[in-house]
Amino acid sequence: MSVSEDDVRHVALLARLGLDENRIPTIAAELNGILAHMDVLSRVNTAVAGAVTGVGAAGTPLRVDGGNQIPLARPREAFAPAARDGFFLVPRLATHEDAAAESS
Amino acid sequence: MTSPAAGVATLAEQHGAGNVRPAATVSAAFARAAEVRAGPDGLNAILALDRDGALGSAEELAHRHQQGQRPGPLAGVPIVVKDNIATLTMPTSCGSRILEGYVSPYEATVVTRLREAGAIVIAKTNMDEFAMGSSTENSAYGPARNPLDPTRVPGGSSGGSAACVAAGIVPAALGSETGGSVRQPAAFCGIVGVKPTYGRVSRYGLVAFASSLDQVGVFGRTVDDAAIVVGAIAGRDRYDSTSADVQVDTYQSPATEDLTGLVIGRPREYFPESLDSRIRDRCDAAIATLRELGATVRDVSLPHTELAIPVYYIIAPAEASSNLARFDGVRYGVRGAAPSLREMYERTRSGGFGPEVTRRILLGTYVLSAGYYDAYYKKAQEVRALIADDFRRVFGSGVHVLFTPTAPTTAFPLGTRSDPYDMYLSDIFTATANLAGIPALSLPVGRVDGLPVGGQLMARHFNEAVIFRVAYALERALGGRSA
C-alpha cells in the first residue's frame with residue numbers, strides 16, 4: 001500500500017490539519033517511508049494471538065458510576081475570557097456573524 | 001548546606017532531623033542550575049522555574065516539621081517535573097507552541113503525592129513536543145543538551161528531566177514513558193530511569209499521548225533515589241481508572257547483594273549481530289557480574305521483538321491522533337484567527353504543532369481510516385498480543401528478570417538523525433515493555449568513548465521489587481552510578 005498525495009490531503013482533512021500544498025509531496029514520501037517498515041506485520045501469523053491485555057491479571061478496577069468531583073485550583077469561569085450563566089463565552093467567528101446577519 | 005545531589009534519602013533525613021534547612025537545599029539547586037546553565041542559553045533543560053513558590057514551600061515545610069509534623073520520605077528534596085505533567089504554579093506546555101503559557105487548573109496526582117511526601121517541585125523540564133521523539137530535539141523551545149557532552153542529545157522524550165539529574169541540579173525527577181522516554185535518556189545521561197508497570201502510577205494529570213502505553217516514570221542519580229520516588233508516587237488513584245489497586249512494596253536497599261535463587265534471562269533478540277560490540281561487551285560484563293552475585297543466567301528468546309517498532313509506531317500515533325484532537329483552539333492554548341470554524345481549527349493546529357507531531361497525527365489518522373484499519377491498526381494490536389505473550393512465556397518458565405541493553409547506541413550528536421524511522425529505532429529495546437505493560441529500569445553499566453551505556457532490567461507486571469533488588473546489587477557491584 002502506498003500513500004498518495006490525495007491520501008495526505010484526505011487524512012489532513014480528517015485530522016483538521018491545514019497543510020501547505022508545497023509540503024504534501026514531502027509528507028507523502030515520509031509516510032510511505034515509514035509505512036514500508038510496517039509491511040512486515042502483514043507476514044505475521046496472528047491467528048493464535050490472544051486478547052491484548054494492559055494491566056495484567058488484576059484487570060481494570062471499576063468505580064461507582066457517580067463521577068468524581070475534580071478539585072480545581074481556579075473557578076471554572078476563570079478558564080474562558082468571559083462567562084455568562086455558567087457558559088463560556090468565546091469570540092464569534094465571522095461565519096457566525098454572517099449567519100446571524102442573514103437570519104435577522 | 002547539602003548539595004542537592006547528595007541523594008534523596010540523605011537529604012530527607014537531614015531535613016527531617018532539622019540539620020539542614022530545606023530552603024538552603026532548594027537555593028543550592030537553583031544555584032547549581034545557574035552554574036551549569038540549565039536554561040535556554042545552555043543545556044536548555046528547564047522551561048520554567050518556580051523560585052518563589054519552591055522557596056516558600058521549603059520554608060513552610062520546615063515550619064511544619066518544627067510544629068511536629070512527621071517528615072515524609074522526600075522531605076525537602078528538590079525535584080523537577082517533565083512539562084507534560086500538570087502543575088498549578090508553572091505552565092504545562094508539553095514542549096509545544098499550541099500550549100504555550102497554558103496553566104492547568106488542576107494538579108497531576110503524582111505531583112500531589114510528591115508534595116505530600118515532602119518534595120519541593122522547583123522546575124518544569126524540556127521535552128520532545130507531546131513526548132514524541134527520542135532526543136528532545138523536537139521541542140518547540142529548542143533542543144535540550146546532554147550535560148556530559150553538550151554537543152550531544154540527552155535522549156528523549158524526557159531529556160530535560162534526565163539532564164537536570166545528570167547535571168546534579170536535583171537527585172530525582174519525573175518523566176513520562178510511552179516507548180522508552182525515561183529509560184533511553186537515563187542511559188544517554190548515565191543515570192537511573194524507571195518505567196513502572198502500566199497501572200502502577202496514576203496518569204491523572206499526565207497529558208495523554210498514547211493512553212494504552214503512557215506511564216509516569218522516574219529518574220534518579222542512583223537506584224535508591226529512583227526507588228524512593230517510585231514508592232512515593234505509586235498506588236491506586238480514584239481519578240485514574242487504569243491505576244491498579246495492587247499493594248505497593250517498599251523499595252529499599254537490601255541488606256545483601258546476594259542474588260542466589262534469582263534467574264536472569266538474556267534474550268538473544270536484544271543482542272543482534274548488528275549491535276555495537278562495545279555495548280554488547282558492557283552488557284555481557286554486567287551479566288557476568290550478576291552471575292558472580294549468585295544469579296543463574298539463562299539464554300532466552302522473545303521472538304517477536306523485532307516487530308515492536310512497527311507495532312509501536314502504528315499504535316502510538318493512532319492513539320495520539322485521537323488524544324490530540326482536543327487541541328483545536330477552542331479549549332486550550334493558542335488560537336489561530338480564521339473566518340470559519342474549520343479554518344480556525346486548521347490554522348490553530350497547523351500553526352501550533354511541530355513537524356513530528358503533525359507527521360504522527362497524519363500517520364495515526366491514516367492507519368485508523370477506512371480501508372487501512374484492519375491492515376495496520378488491527379494487525380498491530382494482534383502482534384502486540386504476541387509480544388506480550390513472549391514475556392508471559394519467559395516469565396512463566398522461571399525467569400525472574402530479563403537483562404538487555406537499554407538502547408542500541410550511546411548519546412548521538414545533535415542534528416544527526418534526520419530520517420524519522422532512524423530516530424524511531426532508538427526505542428527498539430524499550431518499546432516492548434510499554435507494549436506489554438511490564439516494569440523496566442535502566443542503569444549505567446559502563447562507558448564507551450566516555451559516554452554512558454545503559455543496561456535494562458525487566459520483570460513481570462507489578463514486580464518492581466525484584467527489579468530494584470537486582471539493580472541495587474548490580475549498581476553496588478559495578479561501583480557506583482557511572483560504573
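**Exercise 1. Work out the order of the strands in the open sheet of chain B, and find which strands stand at its edges.**

Solution. Begin with the order, which in this predicted model reads β1-β3-β2-β4-β6-β5-β10-β11-β9-β7-β8 (chain B), an open sheet of 11 strands with mixed pairing. Next, look at the two ends: β1 (46-49) and β8 (296-300) of chain B each have a single partner strand, so one side of each is left without a neighbour in the sheet. Finally, consider the twist, for neighbouring strands are turned by 30 degrees against each other on average, direction ignored.

**Exercise 2. Determine how strand β9 (residues 401-405) of chain B is enclosed and how it pairs with β7(B) and β11(B).**

Solution. Take burial first: 5 of the 5 residues of β9(B) are buried, so this strand is largely enclosed by the rest of the structure. Then turn to β7 (residues 263-267) of chain B, which runs parallel to β9(B) and is joined to it by 2 bridges, with I264(B) opposite V401(B). With β11 (residues 451-458) of chain B, β9(B) pairs in the antiparallel sense over 4 bridges, and here P405(B) has G455(B) as its bridge partner. Helix α15 (residues 464-478) of chain B lies across β9, β10 and β11 of chain B.

**Exercise 3. Locate the buried residues of helix α1 (residues 5-14) of chain A and identify what covers them.**

Solution. The buried residues are D7(A), V8(A), V11(A) and A12(A). Because they cover an arc of only 135 degrees around the axis, they lie on the same side of α1(A). Their cover includes α2 (24-38) of chain A together with α11 (355-368) of chain B.

Conventions:
Residues numbered from 1 in each chain as written. Chains lettered and ligands numbered in written order. Predicted model: local features only at pLDDT ≥ 70, side-chain atom pairs only at ≥ 80, totals over all residues. Buried ≥ 20, exposed ≤ 12 C-beta atoms within 10 Å, placed from the backbone. Arc of directions from axis to C-beta. Contact = placed C-beta atoms within 7 Å. Pairing = 2+ DSSP bridges. Axes fitted to C-alpha atoms, helices over the stretch in contact; angles between N-to-C directions.
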